[in-house]
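Trainee: I would like to go through this model step by step. Can we take a few questions in turn?

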Amino acid sequence: MDQDAFRKTYHEVNEVFCAFEKSVLTNECRCTQAERFCIAEREGVHCRSRERQTRCLRWLELLREQARFALRTEERRRLLPHGKAIRLQVGGMRGLRLLLEPGESSPTTIADVDGTLARAEDRFGSLETIPFSEVMREVAAYRMRKRTRHRR
């Protein structure tokens, strides 16, 4: 399947895409609302709730506004490169998790993105009132896993 045909099919099949698709596919995050699917041997992630998708997109938008310096990105550029997108998603969720559970060590895997965001809204009143300076430490500190090469 060529790339254009894949993208067209992907958008037709995945109307409510998962905002955390990259981190879910790399197994750095999980979510109770995420549902994996396959198209021509490629994997995608669908969100079961448009409302929850909106909350996740809002969270990532807020993170991106706050992380411009940490990610060294330009405001004009709409799409982030893969590494920076993963850093924002995983680092942001790890930072939020540490805010919700102070004293815990930084989690290696986020067990439930949706549940973590719901707890943050309950605790802070809204996503906008979260103390982002705490979260940005984890965004700045996050490093992607190194790919392992299989020796033959």
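Trainee: Are Arg94 and Glu28 buried or exposed?
Mentor: This is a predicted model, so the answer rests on computed accessibility. The cut-off for buried is under 20% relative accessible area. Arg94 and Glu28 are both buried.

Trainee: Which kind of link do the side chains of Arg94 and Glu28 form?
Mentor: Their N to O distance is 3.4 Å. A nitrogen of Arg within 4 Å of a carboxyl oxygen of Glu meets the rule. The side chains of Arg94 and Glu28 therefore meet in a salt bridge.

Trainee: How many residues apart are Arg94 and Glu28?
Mentor: Arg94 sits in helix H5, residues 82–100. Glu28 belongs to the loop between H2 and S1. The pair links distant parts of the chain, and the separation is 66 residues.

Trainee: Which parts of the chain hold Arg48 and Glu35, and how many residues apart are they?
Mentor: The side chains of these two residues meet in a salt bridge, 3.9 Å from N to O. Arg48 lies in the loop between strand S2 (42–47) and helix H3 (50–66), while Glu35 is in strand S1, so the salt bridge ties together parts whose separation in sequence is 13 residues.

Trainee: Where does Cys31 lie, and is Cys31 buried or exposed?
Mentor: Cys31 is in the loop between helix H2 (21–25) and strand S1 (34–39). Its relative accessibility is 18%. Because the cut-off is under 20%, Cys31 counts as buried.

Trainee: Which residues does Cys31 touch, leaving out those up to four places away in sequence?
Mentor: Contact here means heavy atoms within 4.5 Å. With residues up to four places away left out, the partners of Cys31 are Ala111, Asp112, Val113 and Asp114.

Trainee: What is the distance between the C-alpha atoms of Cys31 and Thr116?
Mentor: Along the chain, Cys31 and Thr116 are 85 residues apart. In space, their C-alpha atoms are separated by 9.3 Å.

Trainee: How many charged residues line the largest cavity?
Mentor: The structure has one cavity of 30 Å³ or more, and the largest cavity holds about 60 Å³ of space. Its lining includes Cys31, Val113, Gln33 and Gln53. The lining residues divide into nine nonpolar and two polar, and the number of charged ones is zero: no charged residues.

Trainee: Which residues are linked in a network of salt bridges?
Mentor: The count of salt bridges in the model is 12. The residues linked in a network are Arg52, Arg55, Asp114 and Glu121.

Technical notes:
Residues numbered from 1 in each chain as written. Predicted model: local features only at pLDDT ≥ 70, side-chain atom pairs only at ≥ 80, totals over all residues. Heavy atoms only, no water. Helix = DSSP H or I, 4+ residues; strand = E, 2+ residues; numbered from the N terminus. Buried < 20%, exposed > 50% of the residue type's maximum accessible area, 1.4 Å probe, protein only. 1 Å grid on protein atoms, 1.4 Å probe; cavity = no way out; pocket = protein on both sides within 12 Å on 5 of 7 lines; lining within 4 Å. Points joined across faces, edges and corners; volume = space filled by probe spheres on them. Nonpolar A, V, L, I, M, F, W, Y, C, P; charged D, E, K, R; others polar.
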